[in-house]
Amino acid sequence: MLLPVSGSVMNTMMDDMNLIQQAQRHHLVVRELGEEIDLEIGPGDDDPSFANTPLIGGPTREPSVEDNDESKNMVMISQLRGHDQDMSKAQPAKRKKKVVKRWREEWADTYKWAYVDVKEGTARIFCSICREYGRKHRRNPYGNEGSRNMQMSALEEHNNSLLHKEALRLQLASKDKIIVDKPIYVKALMSKTAGSIVEAALKRDPNEVEFIQSVQEVVHALERVIAKNSHYVNIMERLLEPERMIVFRVPWVDDRGETHVNRGFRVQFNQALGPCRGGFRFHPSMSLSVAKFLAFEQTLRNALSPYKIGGAAGGSDFDPKGKSDNEVMRFCQSFMNEIYRYLGIDKDLPSEEMGVGTREMGYLFGQYRRLAGHFQGSFTGPRIFWSGSSLRTEATGYGLVFFAQLLLADLNKDFKGIRCVVSGCGKIALHVLEKLIAYGALPVTVSDSKGYLVDEEGFDYDKIALLREIKTQQRSLRDYSKTYARAKYYDEAKPWNERCDVAFPCATQNEIDQSDAMNLVNSGCRILVEGSNMPCTPEAVDVLRKSNVLIAPAVAAGAGGVVAGEFELNHECNSVNWSPQDFESKLQEAIKQTYQRSLKAALDFGYSKESPEYLVHGAVISAFLTLAQAMTDQGCV
């Protein structure tokens, strides 16, 4: 354009280009980290050709007669300005301020709607959906560096723009999904023996990203154990191969009479300590790799608990969201038609997991009872009147807070006044909020798949009731702000930017990546309590370890669900309706035993409390040694 660009516009657009990782995900050629670039604004509201720019692809438009006339007028304006400058030589001409920014790695994954590419020799920021650039797509999406509110408001402006919505509609219509590659991150290990175990697992299952990641974390925690006894190498080789993997199809009919087919999984990982226990997960991301990783984690968690039980996990890529009760029932019945023969009180007992709640477990158990021909009450977690435990759904969330309380007590601290951030808004997250409030903490966030909600005043029991109502009705967390106007909901963002002392990731695996971990450290987080299985990527774990953030592993901290499940199946518990106070007392005692076992194992193998991962090492070591002893005693089976 011949019209000069003002300094304010230049400042506005210069703060945009911080998304190098997004460019890499789209396989684009971009500049290296730290390289200085000078960015120019692309076509925007003030560009006369913007309205005629094709939305997604398409041939370029030939300039019209109006465009030629307008360009002539612009040339005349430029000439007039040149004449004015000659008339006022005494006044120094304003120089266009050049602003350069360096790529900020910790910002790179903050906004997933954009990526960087070079067009006509100039680096620009593009919309991931529209594949277009310009002011309509981003009015200063980063604001200034220190103002997150400005960043978020600009992001909302982008997502609410008509151009973006139209592009999103076209994308969904064409099913042109953005595919993100998931490379396997190979973690450096100190010993060759430990490295050979990971190498063998990687060679056998090269495409199972989640399972390989879980194996690497466990082997890393066991390096000193394996170094002391080479016998454990053979035990690990057997342990890493599940005893039984079941993959099957699940056909079902929706309310319109159309047939659908999903895939079902059940991985019975290890039964050396007893019959399997583990959850069913219904989620589109469910795969054999996820099922194996969940079953492996559950095996270690069960081995660390005070009870002698094996580990399993499974589920389906079926998504219960948006389905009617009848559709969910038909799917659950079809799912159970295949899997029931592998279940039983002395074989494998399923429990709730992501996407599987009271409704789903009720349908599953009803079909199991019909097929098996008996009523054993052997499914953990359906309804209160099916078993004696009165706090089954609360157990995992409460257990996380009990574990964190023990950790704080070792540091001569308590929860009073502690600011906490929580991700997720399911059973675990909401019950974490409840217990944090009871202990005097200040929980300020929850999240869902679309963004996160922050209430600076902190949640209370009435606010939690509102959150539960919103989730039950499958509404957005944004509706919370209609009742509590001071709360804010941020689209396509995570809560790890918020100032906190303790973090509780309770959503899903790998929800905290490297940039999120940097945000947590910069926000003042000192303790991370894993509510979900493997919530941190390997890169994020490295950041947290180097920053001395204490990690309470899910293998130990998430034992509350295991404890409650065993209470339900215990004959004494089934014959007596436990009060909430009695149940909490039993749960606290079991969590305390788990914590002490983890601590003792860590100290026995030379991990001091100053190490940020001492509980991670201790929990895995204690669980593995229990499993290894049982597998050794039972021979090569």
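Is Arg468 buried, exposed or partly exposed? Hold that thought for a moment, everyone, and thanks for coming. What we are looking at is a predicted model. And the reply for Arg468 is partly exposed, with a relative accessible area of 30%.

Let me stay with that residue, since Arg468 has a partner. Arg468 forms a salt bridge with Glu434, and the closest N and O atoms are 3.0 Å apart. This pair ties together distant parts of the chain: Arg468 sits in helix α15, Glu434 in helix α14, which covers residues 427–438, and the two are 34 residues apart. The acid in this pair, Glu434, counts as buried, because its relative accessibility is 16% and the cut-off for buried is under 20%.

On to another pair. Arg419 and Glu456 also meet through their side chains in a salt bridge, at 2.8 Å from N to O. Here too, distant parts of the chain are linked: Arg419 belongs to strand β8 (residues 419–422), while Glu456 lies in the loop between β11 and α15, 37 residues away. This time the arginine is the buried partner: Arg419 has a relative accessible area of 5%. Glu456, at 43% relative accessibility, counts as partly exposed.

A third example is Arg341 with Glu338, where the closest N and O atoms of the salt bridge are 3.5 Å apart. Arg341 is partly exposed at 40% relative accessibility, and Glu338 is partly exposed at 29%. How many salt bridges does the structure hold? The count is 27. Some of them join up: Asp455, Glu457, Lys463 and Arg486 are linked in a network.

Now the strands. Please find the open sheet of 3 strands, ordered β10-β11-β12, with antiparallel pairing. Why do β10 and β12 each have one side without a neighbour in the sheet? They stand at the edges, β10 at 445–448 and β12 at 488–491, and each has a single partner strand, so one side of each is left without a neighbour. On average, neighbouring strands of this sheet are turned by 20° against each other, direction ignored. If you want to look at one pairing in detail, β10 and β11 run antiparallel over 4 bridges, and Thr445 has Val454 in β11 as its bridge partner.

For contrast in direction, turn to strands β5 and β7. Strand β5, residues 276–282, runs parallel to β7, and 5 bridges join the two. Gly278 stands opposite Pro350 in β7. Strand β7 itself, residues 348–352, is mostly covered, with 5 of its 5 residues buried.

Last stop, a pair of helices. Helix α7 (residues 209–221) packs against helix α10 (residues 288–304) at an angle of about 30°, and their axes are 6 Å apart. Angles under 35 degrees count as roughly parallel, and α7 and α10 are therefore roughly parallel to each other. Which residues of α7 make the contact? Those are Val209, Glu210, Phe211, Ser214, Val215 and Val218. From α10 come Ser289, Val290, Lys292, Phe293, Phe296, Glu297 and Leu300. By class, the contact has 8 nonpolar, 2 polar and 3 charged residues.

That is the tour. I am happy to go back to any of these places on the screen.

Conventions
Residues are numbered from 1 along each chain as its sequence is written. This is a predicted model: local features need pLDDT of at least 70, side-chain atom pairs count only at pLDDT 80 or more; totals for chains, interfaces and linings use all residues. Side-chain values use heavy atoms; hydrogens and water are left out. Buried means under 20% relative accessible area, exposed over 50%, partly exposed in between (1.4 Å probe, protein chains only). Two strands pair if DSSP finds at least two bridges between them. A salt bridge is a side-chain nitrogen of Lys or Arg within 4 Å of a carboxyl oxygen of Asp or Glu. Axes are lines fitted to C-alpha atoms, for helices over the stretch in contact, and angles run from 0 to 180 degrees between N-to-C directions. Angles under 35 degrees count as roughly parallel, over 145 as roughly antiparallel, 65 to 115 as roughly perpendicular and the rest as oblique. Contact means heavy atoms within 4.5 Å. Ala, Val, Leu, Ile, Met, Phe, Trp, Tyr, Cys and Pro count as nonpolar, Asp, Glu, Lys and Arg as charged, and the others, Gly among them, as polar.
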